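I opened my notebook for a friendly look through this one. Here is what I looked up, in the order I went.

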Amino acid sequence: MKKYFLLLNSVFLLISCNEKSTSNAITVNDIIELNSAISNAKPGDDIVMANGDWKDVNIKFVAYGNEQKPITLRAETPGEVRITGTSDLKLAGEYLIVNGLHFTNGSSPSSAVIDFGISQDSVANHSKITNSAIIDFNKAQRNQTDLWVLFKGRHNELDHCYIAGKSNRGPTVRIDLAGNNSIKNYHKIINNYFGPRPPKGGPSAETIQLGNSFTSMAPSYTLVANNYFEHCNGEVEVISSKSNFNEFRNNVFYKSEGSLVTRHGNYCMIDGNIFIGDVDSEQIGGIRLIGTGHWVTNNYFYNLKGQTFRSPLAVMNGIPKSPLNRYLQVTDVVVANNSWVNCVSPWQFGVGSNTDQKDILPKSEIRSATPIRTIVANNLIYNDKGDKQPIITHDSVDGVSFKSNVINNQGMKFKDLDGLTQKDFGTTVTDGVILMPNSSLSDFELYNGFEFDQIKADLFGNSRTDNTMVGAVVGKPVNKKDMMDISQYGPDWYANTASKNEMNKTHSVSNVAEFTSAISDAISGDTIVLSAERYDINSSIKINKAITILAAKTDAKATIQYKGAAKTPAFEMNPKGQLTLKNVQLIGDNEQYAFASLKNNMSSLYNLTVLDCEISNFDYVLKAYKLSFSENITFKSTQIKNCANGLDLSEETDDKGEYNAENITIDNCLFDSVASNVVDYYRGGYDESTIGGNLIVTNSTFTNCGAKAEEGLLLNTYGIINVNLANNKFLNNNVQLVARLWGAKNNKASDNEITKSGKIIVEENLPLKLMY
């Protein structure tokens with residue numbers, strides 16, 4: 001009998017191995033073979049795309065697997081199937097898996113790169129995109145809208161993917177709830193690495209958006225968990241929750257210039273997330289709350305300096321009887337057992353209060369509904385250095401109950417708040433950057449509110465039973481992965497760390513031919529040294545990579561004389577172009593531009609730094625065309641003389657919240673005889689969530705400028721949120737106004753000398769065109 005069972009077992013094993021070895025693997029080499037394999041796919045089939053470039057392919061993966069036997073579409077080698085050109089992927093059916101695809105060097109011809117649906121009635125369910133990447137797959141211009149992953153249907157998943165570089169309009173990932181077949185969807189966005197998303201310069205650049213205002217009352221039940229968000233700087237909202245019953249758990253937001261925002265919809269759970277800031281950025285936020293019924297627990301906020309809309313905790317004012325696309329009042333929210341460490345003014349309430357603008361805005365835009373029935377309890381604030389204003393109340397907080405919160409403000413006094421106790425406690429470091437209070441707080445009496453017993457564990461999963469420690473952490477992690485270990489996020493074939501470039505080179509050029517050749521041959525990061533005294537250039541120098549151009553001698557400037565056609569730039573700034581120009585005399589013939597973006601197809605941003613230069617005899621110093629965008633424009637220790645126009649960044653006149661540059665810095669410069677548009681920097685449209693546009697002008701001199709300035713205005717900063725004019729001299733400029741500052745925003749002027757140059761005025765409430 002024993003021999004019989006051994007023989008039977010061997011037969012079953014042989015059959016099992018044979019089935020595995022003859023699995024339904026179907027290798028395809030082109031789109032025709034792929035379409036055929038898909039149309040004939042049966043449950044359990046494994047469609048294998050051969051390695052290589054699949055260019056200009058529109059894949060419609062429509063098939064029906066089942067829970068036991070899904071249908072898989074995968075790369076022969078993960079990452080080695082490159083989807084390029086004008087390509088996209090649409091799924092519809094049941095139990096489909098896509099594995100190992102790499103979207104690069106192209107863009108989608110449709111509204112999405114990956115779409116879990118073919119039409120309103122034909123969607124995917126129980127399907128997954130995994131172990132894949134979408135990198136720099138942008139449309140030609142930033143106003144052209146698409147999504148990189150569009151969820152429809154139910155029970156779909158984005159898992160272990162790397163997604164980075166989106167620069168055009170539209171969220172990177174969006175959950176669509178239009179239609180009964182897409183509500184109560186229980187989608188999962190888990191274990192992904194969302195790499196850098198550059199700032200777009202206006203709204204509609206979220207990394208994840210869950211629904212929209214029109215479907216915001218629908219239940220979604222989407223889970224966003226165990227993801228890593230690195231430098232996701234597209235706009236003020238990294239994640240925008242616009243539906244009900246979503247959960248955000250155990251995500252890391254690393255130096256991302258925005259916040260997790262409950263923009264529309266209600267009843268979100270935000271638990272166990274880590275928000276890491278940067279001492280050099282005031283744009284990195286934490287959590288911003290709007291709406292009803294949210295629970296914010298066990299979150300850790302470190303080194304955040306964002307303010308108002310981007311503050312570490314922003315609890316907003318709502319609009320009474322708000323329409324769906326505006327701001328619902330905060331009600332019945334719980335913020336408990338969280339930690340803020342070395343954050344500037346971490347708690348801000350009544351954010352967005354704008355009752356002072358009631359004379360210029362309609363009643364439907366006035367955010368006067370303060371938070372009610374909201375509990376803030378058992379939280380911890382710790383500062384290495386005392387904060388003069390750790391709690392900011394922009395409006396009444398009568399509807400907020402503060403219970404059993406603790407702060408160590410290093411003895412610095414601030415306005416007392418009932419329910420926030422000052423204590424001198426120490427901290428210990430655990431799990432990398434995470435600080436937890438020492439045992440001196442173990443006997444602190446916690447608040448036990450309704451359903452607080454449901455907060456069963458801390459940030460690390462440690463039990464809170466019988467533990468009276470305030471904040472996000474009650475003990476060191478046990479048997480839990482390090483959330484800051486980036487190797488656990490994204491596909492296993494893609495290195496999340498920045499890849500090393502080839503060794504950067506220095507090219508010494510002594511004539512124009514060598515100069516143009518070096519520009520062409522250089523790789524990103526190279527330096528070109530101008531060893532001759534003069535270079536006569538007859539056509540634009542194309543900048544499409546990171547290049548530094550400087551004179552060989554530190555005590556003598558090299559001269560570049562640009563003799564190209566009228567209205568062409570000496571330096572043409574292309575997508576991803578980054579130019580540093582140092583110790584150069586740049587001369588035009590009065591009809592050209594020193595620097596300009598492309599007129600069309602600026603799919604990605606550019607950056608420009610000008611140091612210790614002299615620029616003269618140009619029509620425009622900088623011409624930024626419509627739909628172009630720069631993250632950083634810097635002029636330092638530079639003289640600009642005898643130009644018809646200065647820095648013109650004013651083409652976004654549709655008044656939709658867009659603008660042409662994120663940061664403009666002018667320091668220790670001389671502007672002499674610049675007739676118009678000395679600095680023309682424009683952002684139009686009443687989009688209060690666009691907290692962008694930053695201009696710093698310091699230690700500079702403006703003489704004999706503005707003779708032809710429109711409206712007699714030397715520096716036009718209309719609609720720009722952050723403006724700082726400090727320690728400048730304005731001498732003999734034939735203008736009525738040096739600047740008109742926006743008092744209600746962060747516009748300021750200090751220690752400026754003004755002689756025969758008009759004046760600086762402050763207009764408290766700037767009239768703007770309504771966008772909504």
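**Where two domains meet**

I began at the interface of domain 1 and domain 2, where the rule finds 1 salt bridge. I kept in mind that this is a predicted model.

Which side chains form the salt bridge? I found Lys-576 and Asp-136, with 2.6 Å from N to O.

Next I looked up the residues on the side of domain 1 that touches domain 2: 3 are nonpolar, 3 are polar and 3 are charged. I also noted 5 residue pairs in polar contact between domain 1 and domain 2, both residues of each pair being at pLDDT 80 or more.

How many residues are in contact here? I have 9 from domain 1 and 8 from domain 2. For the area buried between domain 1 and domain 2 I wrote down about 550 Å², with carbon and sulfur atoms giving 41% of that area.

**The layout of the chain**

I then stepped back to the domain bounds: domain 1 covers 2-492, domain 2 covers 503-606 and domain 3 covers 650-772. Between the C-alpha centres of domain 1 and domain 2 I noted 42 Å.

**Two backbone entries**

My last check was on phi angles, because most residues other than glycine have a negative phi.

Asp-56 is not a glycine, yet I found a positive phi of about 55° for it. I placed Asp-56 in the loop between β3 (52-55) and β4 (58-64). Is Asp-56 buried, partly exposed or exposed? Its relative accessibility is 45%, so I entered Asp-56 as partly exposed.

Asn-342, not a glycine either, has a positive phi of about 55°. I found Asn-342 in the loop that runs between β34 (339-341) and β35 (347-351).

Technical notes
Residues numbered from 1 in each chain as written. Predicted model: local features only at pLDDT ≥ 70, side-chain atom pairs only at ≥ 80, totals over all residues. Heavy atoms only, no water. Domains from an automatic or database assignment. Contact = heavy atoms within 4.5 Å. Buried area = accessible area lost by both parts, 1.4 Å probe. Salt bridge = Lys/Arg side-chain N within 4 Å of Asp/Glu carboxyl O. Polar contact = N/O pair within 3.5 Å; in protein donor to acceptor, adjacent residues only side chain to side chain. Nonpolar A, V, L, I, M, F, W, Y, C, P; charged D, E, K, R; others polar. Helix = DSSP H or I, 4+ residues; strand = E, 2+ residues; numbered from the N terminus. Buried < 20%, exposed > 50% of the residue type's maximum accessible area, 1.4 Å probe, protein only.
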